[in-house]
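Let's take a walk through a protein, starting with its greasy inside and then moving on to its charged pairs. Have the 3D view ready.

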Amino acid sequence: MEKNNKQFQVLMEQDFLDGKTAFTGKILRVNLTTEEIWVDEQPESFYQKWIGGRGLILYYLMKETAPKIDPLGPENLLIFAPGLLTGTILPGTGRHAVGAKSPLTGALASSEAGGWWGAEVKKAGFDAVVIQGKASRPVYLWIKDGSVEIREAEHLWGKTTGDCQEALHTELGDSKVRIAQIGPAGENEVLYASIMHDINRAAGRSGLGAVMGSKNLKAVAVRGTMKVGLADQALVKMTAKWITSNYKDMMGWAISYGTSGSVKFNHDSGATGIRNYQDAVLDGIENIDAATIFPLLIKDRDTCNRCPVRCKLVVGHDGEITIEEKYGGPEYESIGGLGALCGITDPVIVAKANELCAAYGLDTISTGGTIAFTMNCVQEGLLDGFDFLPTFDDGDALLKSIQLIADRSGIGDWMAEGSYRMAERIGNAAVPFLAVSRKQEFPLHDPRLKNAMGMGYALSATGADHMHNLNDTFATFDGGDVCARLRELGFETPLELWGISDKKIDAFVYETAFKNFLDSAVICHFYPYEYHHMVDALNGAGGWNLDRDDINQIGDRIITLARLYLLREGFTLADDTLSARAYYRLSEGPIAGKSLTPPELADALQRYFKRMNWTETGVPSPEVLTELGLEDFIPSAS
Amino acid sequence: MKEPETALLILDKPLVDHKLEMRLPEGVYLNEIVKTLKIKPGLSFVLLVNGQVSDGNYYVKHGDIINCIPQIVGGLY
């Protein structure tokens with residue numbers, strides 16, 4: 001393919017223009033060092049095998065990056081990857097994935113965001129955008145209906161996400177332009193900086209914003225007016241009709257309060273770590289649940305492309321602390337991380353902290369987790385020599401900490417590296433207070449309650465992650481979508497709550513395959529889709545004849561390739577761990593006396609490896625790689 | 001005549017439309033009780049027995065207070 005400098009125009013295939021396919025076969029490539037722009041043409045078989053999203057991200061990282069590169073060096077790829085179904089008529093497909101090698105974990109970064117950006121880039125004619133190199137000065141990408149341009153961004157550097165979006169809308173003369181961008185945290189290469197989309201949707205985890213900052217890339221602005229087609233509209237419409245007929249009953253929780261309506265429930269069931277996992281109960285937790293926030297702060301509801309649910313709460317506040325509605329509102333993970341984990345129950349403070357994270361471009365989970373860890377170290381007298389140190393229950397200290405992290409100022413410069421690296425600086429005395437896997441802070445799903453989820457944290461190529469995982473408490477009694485999917489696979493009864501039995505490992509294998517498929521398609525996990533729905537949607541989008549086993553094989557392929565990526569980057573069985581907080585047993589409360597033990601986790605890992613036909617050290621066998629079509633990735637004997 | 005020994009099970013929104021309190025006989029397993037509950041489709045829950053998370057193999061005793069706590073998947077943005 002011919003390469004062009006700074007500006008590029010591609011002509012779309014007639015089938016796409018006629019609305020007959022959900023993909024164009026065109027992957028946009030940009031080298032910021034040389035300012036070359038070109039397109040990879042991918043055949044239909046590529047999409048059958050990788051689908052998009054995480055599958056596509058892993059394919060490019062494995063094919064085109066050398067092992068053990070510097071995540072913040074020009075050789076890292078930054079990949080924006082909508083899925084096969086992104087931009088189609090199916091509800092729940094208003095999402096896309098972003099990936100790279102993670103500067104936080106040294107492993108895979110693969111994070112999904114909602115909103116409109118992913119659909120917009122598909123409507124602009126590209127199935128994905130793969131960026132390499134490093135610009136010599138701040139730039140942004142401008143993509144519009146098949147045309148691409150590298151533009152100067154000196155005037156945008158240093159701006160918050162809200163100010164940057166406003167400036168770009170003015171500059172491009174179109175308020176409908178969708179913008180993926182970093183804030184000051186990404187520019188300063190905070191290791192858990194996020195990439196914000198439309199300023200309130202984050203590809204939050206694993207430091208993708210730092211990768212973008214390291215490339216001097218401030219934003220990717222997109223406008224697309226073409227239509228994402230379908231090979232078989234009737235097949236996709238069937239699933240769309242099913243969900244539009246049932247979502248009000250099956251997703252009532254999302255319609256009423258969104259995930260922020262789960263704060264008290266999760267607290268009461270022991271799922272939310274309190275004051276860095278040392279307490280069982282947080283007095284005043286109801287103050288930061290949506291039921292309380294609603295009359296005080298909620299101003300509106302927001303949604304994603306093609307989603308009737310509108311689960312996104314929009315908060316605003318006037319007074320001593322002002323909160324701007326344009327930054328959206330906090331979800332459960334953000335409220336848990338910035339609230340309960342830090343001992344904060346003031347809803348205005350928590351909502352403000354969420355706004356600051358969106359404005360500066362920070363992952364709310366790792367921000368909350370790192371600040372809570374710091375507060376814990378201060379409580380234990382392990383930190384001194386700083387003008388300012390945060391303490392539990394102090395809302396002002398929380399807000400100040402976020403500012404210091406984004407600026408990399410004072411203790412914020414330590415916190416900008418994440419809790420694991422902070423513990424390395426402080427010494428062994430800090431290790432008991434760590435809540436990380438693969439150096440990434442735990443989401444707000446306590447592995448002491450959710451044991452398989454904990455195993456998933458230890459195994460995941462992205463570090464602790466609740467999304468492509470088995471959520472134990474969703475599979476313990478019939479009713480939810482996890483149980484429905486397991487029934488479809490032949491499980492006769494729900495899973496036992498405690499421990500990790502062979503049956504649970506079997507369910508974990510299926511469920512993580514399904515979730516990795518969802519993250520490649522890329523589909524919202526809140527939608528209660530079962531296998532047969534996804535089979536119809538996939539075949540309708542691609543014009544294929546895949547079945548349930550194919551979906552599981554696609555998921556297994558992605559999980560296995562992610563494992564190969566980990567091994568290639570130098571990770572071993574010794575890294576498949578949970579840090580100390582996962583084993584700290586509480587003396588009271590809903591999960592008193594509960595946790596896995598390290599030997600129990602080690603035993604479960606061995607049974608998982610066996611189930612996957614991996615070796616005792618977690619290396620996929622050549623037979624498995626061949627079976628999954630990964631022959632190209634079999635490591636050489638040398 | 002001696003009143004039967006009982007426990008109390010509490011169900012609330014969003015699992016059901018209206019808060020519900022049920023008297024349970026002691027001497028049954030929670031798994032058996034759960035099968036009889038008319039919970040809205042698509043929702044998951046955990047059980048708390050006297051404030052502690054319990055699995056379905058718990059044998060109900062006199063005076064137990066059992067809460068059904070909805071489980072809602074977490075989100076980031």
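Here is a tour of the nonpolar cores first and the salt bridges second. Keep in mind that this is a predicted model.

In soluble globular proteins, nonpolar side chains tend to be buried together. In this model, the largest nonpolar core has 189 residues. Its members with the most contacts to other members are Leu362(A), Ile402(A), Met534(A) and Tyr608(A). Try zooming in on Tyr608(A): leaving aside residues up to four places away in sequence, its contacts are Leu459(A), Ile505(A), Phe508(A), Val509(A), Ile559(A) and Trp614(A). There's also a second, separate core, made of 38 residues, with Val10(A), Ala100(A), Ala113(A) and Ile195(A) among them.

Now for the charges. Over all chains, there are 38 salt bridges. Take Glu41(A) and Lys26(A), whose side chains form a salt bridge with an N to O distance of 3.1 Å. Glu41(A) sits in strand 4 and Lys26(A) in strand 3, so this pair ties together parts that are 15 residues apart in sequence. Is each partner buried or exposed? Glu41(A) is partly exposed, at 43% relative accessibility, whereas Lys26(A) is buried, at 2%.

Next, look at Arg408(A) and Asp413(A), which meet in a salt bridge at 3.0 Å, N to O. Arg408(A) is partly exposed at 22%, and Asp413(A) is partly exposed at 27%. Arg568(A) and Glu569(A) also form a salt bridge, with their closest N and O atoms 3.0 Å apart, and both of these residues are buried.

Finally, salt bridges can join up: Asp481(A), Arg485(A), Glu511(A) and Lys515(A) are linked in a network of them.

Conventions:
Residues numbered from 1 in each chain as written. Chains lettered and ligands numbered in written order. Predicted model: local features only at pLDDT ≥ 70, side-chain atom pairs only at ≥ 80, totals over all residues. Heavy atoms only, no water. Core = buried A, V, L, I, M, F, W, Y, C linked by side-chain atoms within 4.5 Å. Buried < 20%, exposed > 50% of the residue type's maximum accessible area, 1.4 Å probe, protein only. Contact = heavy atoms within 4.5 Å. Salt bridge = Lys/Arg side-chain N within 4 Å of Asp/Glu carboxyl O. Helix = DSSP H or I, 4+ residues; strand = E, 2+ residues; numbered from the N terminus.
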